[in-house]
Amino acid sequence: MNGYGNMNGASTSAQGAGVVGSGMNGLDGTSGVQVPIGPTNQPRVLVRNITDKETTFHLSGVELGYANSVRRVMMADVPTIAIDQVSFFQNTSPVPDEMLAHRLGMVPLISRNVMRGLRYTRDCDCDEGCYYCMVQLRLKVAFSGTDRKSLNVTSDMLEVIPSPRQPPPPNPYGQNPDLSEDDRLIIENRDPEMGVPVGKGDPSVPPILLAKIAKKQEIDLVCKAYKGIGKHHAKWSPLSAVGFEYDPYNKLRHTTYWYEVDEKAEWPLSSNAAFEQPPDPSQPFDYNAVPSTFYMNPEAVGSIPVRTIVEQGLDILVENLANVVLAVQKETGGDEDDEEDGGGGMVDPTMGMNGDGYGMNGQSDPYREGGGGGSWGGGGAPNGAPSWAGGGSGMSPLRR
Ligand SMILES: [Zn+2]
């Protein structure tokens, strides 16, 4: 079943829903829009509109679970940076330290290319954060009190200050021998605006109010912003919301509308209904129908352009799924064709306890780079296999 039907009348009823992307085949002008279905049952994406902050796209040819995974991975797994530690030198404002620290944590910071331009601090060999894993910001405001009663302290007053271990100046004679390959990649990929509060210096973006201070009050603090993901704290999520809808006519009856008098009047159709065939009341209910087109509308907070969030989200999802497949293959000792040979994918709980994975065979320190084989999954990996956790840190991926 394909979700894209002939959308007669779409040109009128879809007003305000954005414009169907140009460059599509099959636009037939006056009567509506015919979306090409394509020869195979491959996933398809139709981008309806896109800006830096928001996009609307249709995802079809996938199952509901996959579409929902795309939504979740974009919200929870795409890394950004956010303030995680605040050192207070002075705070005589009416806002308590804890509350101010929380408000600072929620300020979106520019995180373009943070995937490659910054390290997770747990993967870094520094002690308390450095140039390669952290951005430092300072907030230093005092109000002497003149003509006004109070002063608004906003996110625009946060200034990025240099972190410890600044990279050495570029070497005119070639590669700097003091830099490891890893450090060099971070310097190359780091965005010069990394860590600057979103909208700072842009008069069209109102700054975020952090506190109001009265005469002779002051705030002086230093913040450490680290790379993280929304799964650990919502402040690291690059999205504020993801609109997610399928089956706008509720033909599948996955939901029941509560209403007072008139269901149709109280639950107007969404703009996505213009892209589907209305239900035919003469047809019986199809118990076997499944949703096939998903209307997604991610809204970014501004730290990363929304296009990058979608692309990185898909990359991360593919990587996660590949890791599941690899882990199952490793444990069952074969590919998926062997699934039916009794084992059924179940893992013997004693597997993985032979010491390999935990470095208990005395070959090396398990917490050091390259220690043991497969530092996470245990057993299955041959000695010397790269650590699953990436970067050879030996840290469990569960702590990502
Ligand atoms: Zn560091």
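The chat below walks through a predicted model, its two sheets, its core and one loop residue.

Q: Before I start, what rules apply to this model and its numbering?
A: This is a predicted model, in which local features need pLDDT of at least 70 and side-chain atom pairs count only at pLDDT 80 or more, while totals for chains, interfaces and linings use all residues. Residues are numbered from 1 along each chain as its sequence is written.

Q: What does the protein average in pLDDT?
A: The average is 80, and 73% of the residues score at least 70, where pLDDT is the predictor's confidence in each residue, from 0 to 100.

Q: Where does pLDDT stay under 50?
A: One such stretch is residues 1-32, for which the model has 50 contacts beyond four places in sequence; a contact here means that the C-beta atoms of two residues, placed from the backbone, lie within 7 Å. Over residues 338-400 the pLDDT is also below 50, and this stretch has 94 contacts in the model beyond near neighbours in sequence.

Q: OK, sheets now. In what order do strands 5, 6, 8 and 10 lie?
A: They form an open sheet in the order 5-10-6-8, with antiparallel pairing. Helices (H or I, at least four residues) and strands (E, at least two) are DSSP runs, numbered from the N terminus, and two strands pair if DSSP finds at least two bridges between them.

Q: Which strands are at the edges, and why is one side of each left without a neighbour?
A: Strand 5 (80-91) and strand 8 are the edge strands, and because each has a single partner strand, one side of each has no neighbour in the sheet. The twist from one strand to the next averages 30 degrees; axes are lines fitted to C-alpha atoms, for helices over the stretch in contact, and angles run from 0 to 180 degrees between N-to-C directions.

Q: How many bridges does strand 6 make with strand 10?
A: Strand 6 (residues 134-142) pairs with strand 10 (residues 218-228) over nine bridges in the antiparallel sense, and within that pairing Leu 139 has Leu 221 as its bridge partner, while Ala 142 has Glu 218. Strand 6 also pairs with strand 8 (residues 159-161), antiparallel over three bridges, with Arg 138 standing opposite Glu 159.

Q: And the sheet with strand 3, what is its order?
A: That open sheet of four strands has the order 3-4-12-11, again with antiparallel pairing. Strand 4 (residues 55-60) is joined to strand 12 (residues 293-300) by four bridges, and Ser 60 stands opposite Thr 293. Helix 2 (residues 64-76) packs on this sheet, touching strand 4, strand 11 and strand 12, and its direction makes about 175 degrees with that of strand 11.

Q: Which residues touch the most other members of the largest nonpolar core?
A: Of its 55 residues, they are Met 74, Ile 81, Ile 83, Leu 109, Ala 225 and Ile 309. Such a core is a set of buried Ala, Val, Leu, Ile, Met, Phe, Trp, Tyr and Cys residues joined through C-beta atoms within 7 Å.

Q: Why does it lie between the domains?
A: Domain 1 (6-77 + 240-307) and domain 2 (81-236) both give residues to the core, so it lies between them; the domain bounds come from an automatic or database domain assignment.

Q: Last one: is Val 95 buried or exposed?
A: Val 95 counts as partly exposed, because it has 17 C-beta neighbours inside 10 Å; buried means 20 or more other C-beta atoms within 10 Å of a residue's own, exposed means 12 or fewer, and partly exposed is in between, with C-beta atoms placed from the backbone. Val 95 is in the loop between strand 5 and helix 3.
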